Amino acid sequence: MKTDIEIAQEAKMVHIKEVAAKLDIAEEELEFYGKYKAKLSDELIKRIETNENGKLVLVTAINPTPAGEGKTTVTVGLGQALNKMGKKASIALREPSLGPCFGIKGGAAGGGYSQVVPMEDLNLHFTGDFHAITAANNLLAAMLDNHIQQGNSLNIDTRQIVWKRCLDMNDRVLRNIVVGLGNKMDGYVREDHFVISVASEIMAILCLANDMEDLKDKLGKIVVAYTTDGNPVTAADLKAVGAMAALLKDAIKPNIIQTLEHTPAFVHGGPFANIAHGCNSVRATKLALKLSDIVVTEAGFGADLGAEKFLDIKCRKAGIAPDAIVLVATVRALKYNGGVAKTELGNENVEALKKGIVNLEKHIENLQQFGVPIVVTLNQFITDSEEELSFVKQFVEEKGCEFALAKVWEQGGEGGLELAAKVVDTLENKKADFKMLYDDEMSLEDKIQTVATKIYGANGVNYTAAAKSQLEKITSLGYGHFPVCMAKTQYSLSDDQSKLGRPENFDINVRDVYVNAGAGFVVVITGSIMTMPGLPKIPAAEKIDVVNDKIVGLF
């Protein structure tokens, strides 16, 4: 059986101008990065701004397990299948981070015969967007420390610096560091921290900005520190906005590449869903909607994280709404939730499936609260038995959802035709009545309580004294109307990754809260979640190499 990278490297790609032409994009509206990648120009965005929007389909999933769910693979396969049906369809994805690529999760280009290509470029440096975000983030950090060194005219309290440096790599030793060691000219000695670039507020801002002016406005609102009087100090106060915008001038432009079947793929931005808001850029999604009849997009990790943030943060900020939701599961993952060891998942076990399907059940109930029609799809494996497939189908239909099998890893678009037909039927015959989970006017505590109880199934929320104090401070500064971005483990509906299935009788534990004033949301840190991940005992990086001028080992 061929690996994903072998399949991707054997692909016969066409020039990106041919892919763009399918969406009536002219060659002069593309900014080429070689033959197979391009950025989309501001001229194109202006030209099509009066076009009608197509339909938006959100793909999400149950909580991830070691068994694999294949959400991105299904997203790509569904887009390919819709094109096979004659629909003018595109997909809109996030860019992968180098952290998981070299860590444990691997890349994020899909899999099998439902991938976006060039796979190696996408998973590594791509068009340099993440490097630009990292540079802009760290420029702001450098200007902040330089301001303090050069006299501190803004009266910054060095004990209340909240802006962190970033790096697009899993590197646990950078979580807590000391800077300024040396002599007087080397700065003030203080504790500092790194986050992974995908958790940087600048990543969130880039993904939520409508244009350059909006980007600069949001950058200027970033809170970097507080004065000795407790007032916020912003990037605008440090006069850093113009230089940061200059670094992000090209990064704000959406990228276009192709799938293995030459379906257009808009790939732009990449905030994680467990520690950030987990969606690709507003610009890319809106552009795709203006150019396509159907856009298939995804939100990271399970529906308790990515989908909730897509619906409560991205849709709120962008003024968009999905017309249908596809919820991805696998028989193997459901059996894992039912207590089956990873080594035994290939064996038929309907009893374990019955126990584990409660995870899917909770995600269905969660998504139904938003008023958007749902299609549940099983990403099918060869080891799935007919009895297991029949049980899931009956369960899903009894919950009031459409059901379809997907064989897109093995068969590409052809294997997604059943799912595509269900999605098209849903778009044509079922009307979404989209509503968000909470109103802007609710207090931050009430918003956190709502997500914890209505989405996670918690009894309530516990706060550390520091988190409680931060909530009061953030509210007093006028940020209480912001939505909340919950930073939580992706592996469980609770904040304890060992609790599989549908946990009951638990509380969510909030240990820290901070405001992303530029992005316009409040980040809530729960459990033991880290904004700078570490590498596993055997990182994926150990298997990556260049052999005969070809990259091997990426997945």
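**Close-up views of a predicted model**

**View A. Asp549 in the loop between strands S24 and S25.** With a relative accessible area of 74%, Asp549 is exposed, as the limit for this class is over 50%. The structure shown in this and the following views is a predicted model. Strand S24 covers residues 545-547 and strand S25 covers residues 550-552, and Asp549 lies in the loop between them. The phi angle of Asp549 is positive, near 65 degrees, although the residue is not a glycine. Most residues other than glycine have a negative phi.

**View B. Lys239 in the loop between strand S13 and helix H10.** Lys239 is placed after strand S13 (232-234) and before helix H10 (241-247), in the loop that lies between these two elements. Its phi is about 60 degrees, a positive value in a residue that is not a glycine. Is Lys239 buried or exposed? Lys239 counts as exposed because its relative accessibility is 72%, and the class begins over 50%.

**View C. The cis peptide bond from Val117 to Pro118.** The omega angle of this bond, which leads from Val117 to Pro118, is near 5 degrees, and the bond is cis. Most peptide bonds are trans. Pro118 is found in the loop that separates strand S6 (114-117) from helix H6 (119-123).

**View D. Nonpolar cores, with Leu360 in the largest of them.** The largest nonpolar core contains 142 residues, and Ile222, Phe266 and Leu360 are those with the most contacts inside it. Residues up to four places away in sequence being left out, Leu360 touches Ile62, Leu327, Ala329, Leu334, Val376, Val392 and Val396. A second core, separate from this one, has 39 residues, including Ile91, Val117, Ile294 and Val326.

**View E. Helices H18 and H19 packed against each other.** Two packed helices are described by the angle between their axes and the distance between the axes. For helix H18 (residues 444-456) and helix H19 (residues 465-479), the angle is about 125 degrees and the axes are 10 Å apart. This angle makes H18 oblique to H19. Which residues of H18 meet residues of H19? Leu444, Glu445 and Ile448 belong to H18, and they meet Lys468, Leu471, Ile474, Thr475 and Tyr479 in H19. The contact of H18 with H19 involves 5 nonpolar, 1 polar and 2 charged residues.

**View F. The open sheet of 4 strands, with helix H19 lying across part of it.** The strands follow the order S20-S22-S23-S21, and their pairing is mixed. Strand S20 (460-463) and S21 each have a single partner strand and stand at the edges, so one side of each has no neighbour in the sheet. From one strand to the next, the twist averages 40 degrees. Helix H19 lies across S20, S22 (507-516) and S23, and runs at about 40 degrees to S22.

**View G. Strand S21, an edge strand of the sheet.** Strand S21 (residues 484-487) runs parallel to strand S23 (residues 521-526), and 4 bridges join the two. Met486 stands opposite Val524 in S23, and Ala487 stands opposite Ile525 in S23. Both faces of S21 are covered: on one side Val484 and Met486 are buried, and on the other side Cys485 and Ala487 are buried.

Conventions:
Residues are numbered from 1 along each chain as its sequence is written. This is a predicted model: local features need pLDDT of at least 70, side-chain atom pairs count only at pLDDT 80 or more; totals for chains, interfaces and linings use all residues. Side-chain values use heavy atoms; hydrogens and water are left out. Buried means under 20% relative accessible area, exposed over 50%, partly exposed in between (1.4 Å probe, protein chains only). Two strands pair if DSSP finds at least two bridges between them. A nonpolar core is a set of buried Ala, Val, Leu, Ile, Met, Phe, Trp, Tyr and Cys residues joined through side-chain atoms within 4.5 Å. Contact means heavy atoms within 4.5 Å. Axes are lines fitted to C-alpha atoms, for helices over the stretch in contact, and angles run from 0 to 180 degrees between N-to-C directions. Angles under 35 degrees count as roughly parallel, over 145 as roughly antiparallel, 65 to 115 as roughly perpendicular and the rest as oblique. Ala, Val, Leu, Ile, Met, Phe, Trp, Tyr, Cys and Pro count as nonpolar, Asp, Glu, Lys and Arg as charged, and the others, Gly among them, as polar.
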